[in-house]
Amino acid sequence: MTLTAGCDVGSLTTKAVIMDDKAVKSSALIKSKSNPEASARQAMAEAMEKAGVTESELSNVIGTGYGREKIPFVTDVKSEISCHARGAKWLLPSIKTIIDIGGQDCKIIRIDDQGEVVRFVTNDKCASGTGRFLEVMAKALYMDISELGDLNRKSNSPVTLTSTCTVWAQADIVKFIHSGIPVEDIGAGINLAMAKRVSTLVNSVQPEKEVCMTGGVAKNRGVTSLMEKLLGFRLKPIRRADPQLVGAIGAALFGRNR
Amino acid sequence: MIVAGCDVGSLTAKVVILEEEKILGSSVIRGGIKPDQSAEDALEIAVESAGIRRDRIDYAVGTGYGKDLIGFVAETESEIVCHAKGAKWNLPEVKMLVDIGGQDAKVIRLDEEGEVARYIYNDKCASGTGRFLEVMAEALEIPLDQMGEIGEQSTETIRISNQCVIFAESEVISLVNEGRKTTDIVKALHVAMANRVASLARSIGLDDIVAMSGGVAKNRGVFDALSEGLALPLHHLDKVDPQLNGALGAALIAAGKSGLSIR
């Protein structure tokens with residue numbers, strides 16, 4: 001039995017996964033600290049403790065994510081694009097397009113039947129359409145980001161955000177709150193703005209089915225259901241693991257057979 | 001003949017009162033939520049500074065984001081036209097104007113007659129607008145109006161890699177945590193801001209005599225960095241507060257039309 005680990009140090013969260021030959025044994029998800037090495041160490045320690053394994057039992061540790069070059073204890077590093085592709089293919093063998101929304105970026109990845117990356121687009125220049133947008137908006141609404149997803153079901157008339165820019169949208173939210181608009185209508189409008197922005201990026205790569213979503217925003221039902229409407233097809237749900245762990249799972253898979 | 005121009009922007013309201021092209025009075029106030037009230041307040045202060053009674057004003061023109069809500073103006077004109085007019089009056093040889101307001105940035109090219117030849121406008125993205133500096137001043141806990149002087153004391157060059165206000169704000173916080181000096185960070189922000197505006201200007205083609213207006217023109221750091229970014233000496237519109245340029249242009253348009261109202 002070979003044990004491998006994947007560690008995905010993102011801008012907002014750090015994820016660690018421990019896998020054996022067959023399955024994910026344990027995982028950890030923590031808020032990233034200012035020091036990527038400290039984030040990686042803590043996430044790994046938590047995952048190892050849950051799995052009841054020690055570092056010496058791991059044959060390979062693969063790092064990925066924005067902070068991957070700053071993790072000293074890894075065997076190798078892999079790009080986020082290849083880790084997301086590998087992780088998603090393993091979780092959903094029929095997958096062709098992966099929409100990954102991270103804390104500070106949004107990536108659309110197209111893979112072939114073998115799981116090789118054919119093309120991808122990334123937005124990491126503008127906060128709009130990234131997890132950061134939702135984070136800023138949730139804060140303006142005085143709620144946790146995890147509460148945003150449910151607001152669509154409660155809203156009958158979502159607000160329209162006039163601007164794509166996160167800064168201007170934030171100012172819009174404050175105006176909406178002051179004019180007494182119900183919080184569910186504001187939240188639903190936020191999810192809609194997010195879904196529109198991401199869908200535009202998805203359409204720019206001519207998505208091929210099946211399509212799945214990874215990253216924390218995949219857990220926001222408001223955004224995912226609106227994206228299905230805007231894109232005109234269903235998104236394949238990832239049931240075997242937390243969608244936020246896909247990059248780390250892909251990294252752990254790269255650790256096999258080395 | 002006494003005329004007034006009123007420019008109601010997203011953050012401030014400005015009024016200029018002219019008598020035969022001489023500035024009698026003016027005002028710049030921080031706008032509230034109601035543009036009509038901000039315009040009234042700005043007019044009241046300008047009238048007072050001019051030492052005249054309000055009913056002495058023969059004609060008034062409004063401009064800016066809130067122009068349609070100003071109660072006392074006889075007509076409205078676009079900001080682009082007003083800014084071009086104000087700049088031409090200030091600096092007759094002007095060919096190009098960069099105006100950076102609180103929530104937008106405009107670059108206008110003028111022909112020989114001072115008419116608008118081309119222009120470009122950014123109000124979609126907060127980067128390259130006054131809001132960028134406002135957010136950064138808050139993050140650094142320094143007064144916005146002192147950023148110019150603070151940046152001048154910089155000794156080391158830093159590069160801000162993000163254009164997005166949200167991402168640049170995180171970058172600034174990381175720089176602070178790394179122990180970088182505020183003076184150096186501020187200088188880097190001025191350069192980042194200037195580069196963004198310079199690329200907007202370049203997209204409509206540069207001309208040689210460039211002036212800057214809007215509140216951000218008062219920030220020496222951005223002014224100098226923009227001059228460097230464009231590789232052209234930038235001109236000040238120094239006959240009047242650069243923030244008043246749009247209101248001045250509106251007042252000049254009012255002066256040109258005021259004959260109509262008396263008859």
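**Domains, helices and a chain contact in a predicted model**

The C-alpha centres of domain 1 of chain A and domain 2 of chain A lie 25 Å apart. The model is predicted.

User: Which residues make up domain 1 and domain 2 of chain A?

Analyst: The domain assignment splits chain A into two domains. Domain 2 covers 95-237. Domain 1 comes in two pieces, 1-92 + 240-258.

User: Which three residues supply 37% of the area that domain 1 of chain A buries against domain 2 of chain A?

Analyst: The contact takes 15 residues from domain 1 and 26 residues from domain 2. The area buried between the two domains is about 1600 Å², and carbon and sulfur atoms give 68% of that. On the domain 1 side, no other three residues supply more than A:I81, A:K89 and A:L92.

User: Are helix α6 and helix α7 of chain A roughly parallel or oblique?

Analyst: In general, two packed helices are described by the angle and the distance between their axes. The axes of α6(A) (residues 183-203) and α7(A) (residues 221-231) come within 8 Å and cross at roughly 50°. Angles under 35 degrees count as roughly parallel, and 65 to 115 as roughly perpendicular. The crossing angle therefore makes α6(A), relative to α7(A), oblique.

User: How many residues of the contact of α6(A) with α7(A) are nonpolar?

Analyst: Helix α6(A) contributes residues including A:L192, A:M194 and A:V198, while α7(A) contributes residues including A:V223 and A:L226. The contact also holds 4 polar residues and 1 charged. The nonpolar count is 11.

User: Why is α3(A) roughly parallel to α5(A)?

Analyst: Helix α3(A) spans residues 131-140, and α5(A) spans residues 166-178. Their axes come within 10 Å. Angles under 35 degrees count as roughly parallel. So α3(A) is roughly parallel to α5(A) because the axes cross at roughly 25°.

User: Is the crossing of α3(A) and α5(A) left-handed or right-handed, and how do the residues of the contact divide?

Analyst: The crossing is right-handed. From α3(A), the contact uses A:F133, A:V136, A:M137 and A:A140. From α5(A), it uses A:T166, A:A169, A:Q170, A:I173 and A:I177. The residues divide into 7 nonpolar, 2 polar and no charged.

User: Which three residues supply 52% of the area that chain A buries against chain B?

Analyst: Each side brings 14 residues to the contact of chain A and chain B. Together the chains bury about 1100 Å², with 65% of it on carbon and sulfur atoms. On the chain A side, no other three residues supply more than A:R132, A:V167 and A:W168.

Definitions and conventions. Residues are numbered from 1 along each chain as its sequence is written. Chains are lettered from A and ligands numbered from 1 in the order in which they are written. This is a predicted model: local features need pLDDT of at least 70, side-chain atom pairs count only at pLDDT 80 or more; totals for chains, interfaces and linings use all residues. Side-chain values use heavy atoms; hydrogens and water are left out. Axes are lines fitted to C-alpha atoms, for helices over the stretch in contact, and angles run from 0 to 180 degrees between N-to-C directions. Helices (H or I, at least four residues) and strands (E, at least two) are DSSP runs, numbered from the N terminus. Angles under 35 degrees count as roughly parallel, over 145 as roughly antiparallel, 65 to 115 as roughly perpendicular and the rest as oblique. Contact means heavy atoms within 4.5 Å. Ala, Val, Leu, Ile, Met, Phe, Trp, Tyr, Cys and Pro count as nonpolar, Asp, Glu, Lys and Arg as charged, and the others, Gly among them, as polar. Domain bounds come from an automatic or database domain assignment. Buried area is the accessible area (1.4 Å probe) that two parts lose on being put together, summed over both. A crossing is left-handed if the near helix is turned anticlockwise from the far one by less than a right angle, and right-handed if clockwise.
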